Amino acid sequence: MKQLPVYIVGMLLMLVSSCYKHHPYPAAMQQAVCLIDSLPDSALVYLEAYAENISQEPEETQMYYHLLRIKANDKLYITHTSDSLINRIVEFYKAHDDKERLTEAYYYQGSVYRDLHNAPQAVECFRAAAETGLSCPDKRVMSKIYGQIAALFAYQGLYKESWDAARLEYAYADTAQNFQGMAFALRNMARIYHVFGKPDRAALAYRKGYDLAIQNHANHTAYSILSELGGLYYEEKQFDSAYSILRQVLSHYSFPNANMLMGGVYYELGKPDSAEHYIRQVFKYGTLHNKTKAYEIFAKISAYRQDYIQAYQYMRKYVAYQDSIDFITKTQEVAKVNALYDYRTTQKENLRLKEKTTRQRNQITELLLLFVFLTAVGIIFYLRTKKKRRTVWEQTQRLMLLQENRYSQARKTLQAHEQKIKTLTEQLHSATLRNDELERTRAEAQKIALEAESKQLHQSIEEQKSQILYFEQSEIYLKFHRATNSRDLSEEDWAALQAEIDSVYSQFTHRLLVLYPRLSPVEIRICYLIKIGIPVSRIAGLLNRSVPAITAARTRMYKKLTGETGTAEKTDLLILDL
């Protein structure tokens, strides 16, 4: 009978913890989960078959069902047209603190915004997925996330950022032993090498990606990478090499891109009939970019045959498709500029609020100091301890000076960043006027990076100052400043003071003991009291020692901490600087 309460408590805990455990999913969903990575079309059949019954399931099951459908559609390259459902899914998993599902939801939220041509929002979602996914054991997801980020940055012309993301994509895929992910990362690196005018390195990266995929039986991935190698040779006008590669690809898979490139190769080799045969395959499943290039080649073929009317018709279609691409690209550029503008506006508002909060805290501090002053023991005690208060004031001034020195380098860095940002803004304006896209992209990427670094420096400085100010207003800080003898303080108070000092001043106790591991508990407490600006006479009272004893202890500590002979005042400076 004595164990009955234990069983009851255990059952209650199980019931509470099961409020948001993943319930056993319906059989159709379980089948879809098993098939979704390898056979997403079959997974989608199972999910659609259960659509009428899903409304009867718990909310968590419904959310996961909708996430699976979005995932299956994404894997089947079905374009997403709305963000309302995925936004609901993200909010649900955020509310329930499910890191694994939230990471996946953020990832597909980014995919949705990618299809909606909102690149800045897509990058933000993929960044959120990367941050959340750090705590998840499956690093394959992290590789996919950075793969998407690399592609988005490359599409916007931010090639340095794309390169950094591709390297992270490869690193996470390597950690997870995801060879297909490593192959995709090598493909992304090859694309950037090509843009940077390094075709030999690009070809080598394509080859490595192809070999890695073939060795691990990922044939579809391998030949899609190989088709891009054919495209590299085509653009470098190495038509024989391009022909050999593309013929190998098309003997296994009829990729629209490979057909379009083979058509281009045949045209360049003077075989318009063969070119026309391959180009027509593009219109079945090709992308907007593939079809645009196909109409351009068709126009060239018609002109070659001296059918100028037909060539004109194809060229009109080519221009119409190119206008569509330009419209999408311009939309992305406008969205990116607006996103950057909103970001800067938000940052300015945050800084304004921080400054207002700092002013309010300063006013509260001043009122508190005035109250303490008026309720002190009186003018007689103030006159008798004026000299000692002067010493405390000088210690406080030294502390403020040291704090200023600590932040001076950060401020100099900020000033340098501001000057560089101003210069980059002028370069960006000049590049825009000259229509120099490469220079404009480079200047804009550097400017964004500097602005992000400046933001971090601002935050670091303000957070440290706010932390110190908050500590000086804390209950434990004020309690020690009000205490007059050792009876006013308990062991819990000393422990609380140590915890606060170690938090605000970055493991202060540990760094003391690194300098001299055998400091006594009393010596460590003397250091705490020096650190918070308690005068020597009050330190003596709080530790139940005489003033000469405290002075002697401070002198001995300088020898212990530095190995050199010094005064008690030098010990105080050392503690304040530590």
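**Figure 1. Buried residues of helix α27 in the predicted model.** In this predicted model, the buried residues of α27 are A568, T571, D572, I575 and L576. These residues lie on the same side of α27, because they span an arc of only 130° around the axis. An α-helix has 3.6 residues a turn, so residues three or four places apart point the same way. Helix α27, residues 568–577, is also one of the elements that cover the buried residues of α24.

**Figure 2. Helix α24 and its surroundings.** Helix α24 runs over residues 521–531 and is mostly covered, with eight of its eleven residues buried. The buried residues are E523, I524, I526, C527, Y528, L529, I530 and K531. Elements that precede α24 and contribute to this cover include α21 (475–482), α22 (491–504) and α23 (508–515). The cover also includes α25 (536–542), α26 (547–562) and α27 (568–577). Within α24, C527 has a relative accessible area of 0% and therefore counts as buried. Just after the helix, G533 adopts a positive phi of about 80°.

**Figure 3. The largest nonpolar core and a second core.** The largest nonpolar core comprises 54 residues. Within this core, M29, L67, I86, I89, Y93 and I145 touch the most other members. Helix α7, which spans residues 119–133, gives the most to the core, with eight residues. A separate, second core has 42 residues, among them A190, A213, Y233 and V265. In soluble globular proteins, nonpolar side chains tend to be buried together.

**Figure 4. The setting of Q109 in helix α6.** Q109 belongs to helix α6, residues 99–115. Its relative accessibility is 10%, so Q109 counts as buried. With neighbours within four places in sequence set aside, Q109 is in contact with I86, N87, V90 and C125. One of these partners, C125, is itself buried, with a relative accessible area of 4%. The structure holds zero disulfides.

**Figure 5. Two loop residues with positive phi.** D97 is located in the loop between α5 (84–95) and α6. Although D97 is not a glycine, its phi is positive, at about 55°. The relative accessibility of D97 is 54%, so this residue counts as exposed. K237 is located in the loop between α12 (219–235) and α13. Its phi is near 60°, again a positive value in a residue other than glycine. K237 is exposed, with a relative accessible area of 62%.

**Figure 6. H252 and its separation from Y223.** H252 lies in the loop between α13 (239–250) and α14 (256–268). The relative accessible area of H252 is 45%, so this residue is partly exposed. H252 and Y223 are 29 residues apart in sequence, and their C-alpha atoms are 7.8 Å apart in space.

**Figure 7. E296 in helix α16.** E296 is placed in helix α16, which covers residues 288–304. Its relative accessibility is 19%; the cut-off for burial is under 20%, so E296 counts as buried. The C-alpha atoms of E296 and G264 are separated by 9.7 Å, whereas the two residues are 32 residues apart along the chain.

**Figure 8. Confidence along the predicted chain.** The mean pLDDT of the protein is 79, and 86% of its residues reach 70 or more. Over residues 1–21 the pLDDT is below 50, and beyond near neighbours in sequence this stretch has six contacts in the model. Residues 394–408 also have pLDDT under 50, and the model gives them 13 contacts beyond four places in sequence. Where pLDDT is low, the predicted coordinates should not be read in detail.

**Figure 9. Overall context for the close-up views.** The protein has 27 helices and zero strands. Of its 578 residues, 40% are buried. Among contacts between residues at least 6 apart in sequence, 56% join residues at least 24 apart. The accessible surface of the protein amounts to about 33300 Å², and 55% of this surface belongs to carbon and sulfur atoms.

Definitions and conventions: Residues are numbered from 1 along each chain as its sequence is written. Side-chain values use heavy atoms; hydrogens and water are left out. Buried means under 20% relative accessible area, exposed over 50%, partly exposed in between (1.4 Å probe, protein chains only). Helices (H or I, at least four residues) and strands (E, at least two) are DSSP runs, numbered from the N terminus. Contact means heavy atoms within 4.5 Å. A nonpolar core is a set of buried Ala, Val, Leu, Ile, Met, Phe, Trp, Tyr and Cys residues joined through side-chain atoms within 4.5 Å. A disulfide is a pair of cysteine sulfur atoms within 2.5 Å. The arc is that of the directions from the helix axis to the C-beta atoms. Accessible areas come from the Shrake-Rupley method with a 1.4 Å probe; for residues, only the protein chains shown count as cover. pLDDT is the predictor's confidence in each residue, from 0 to 100.
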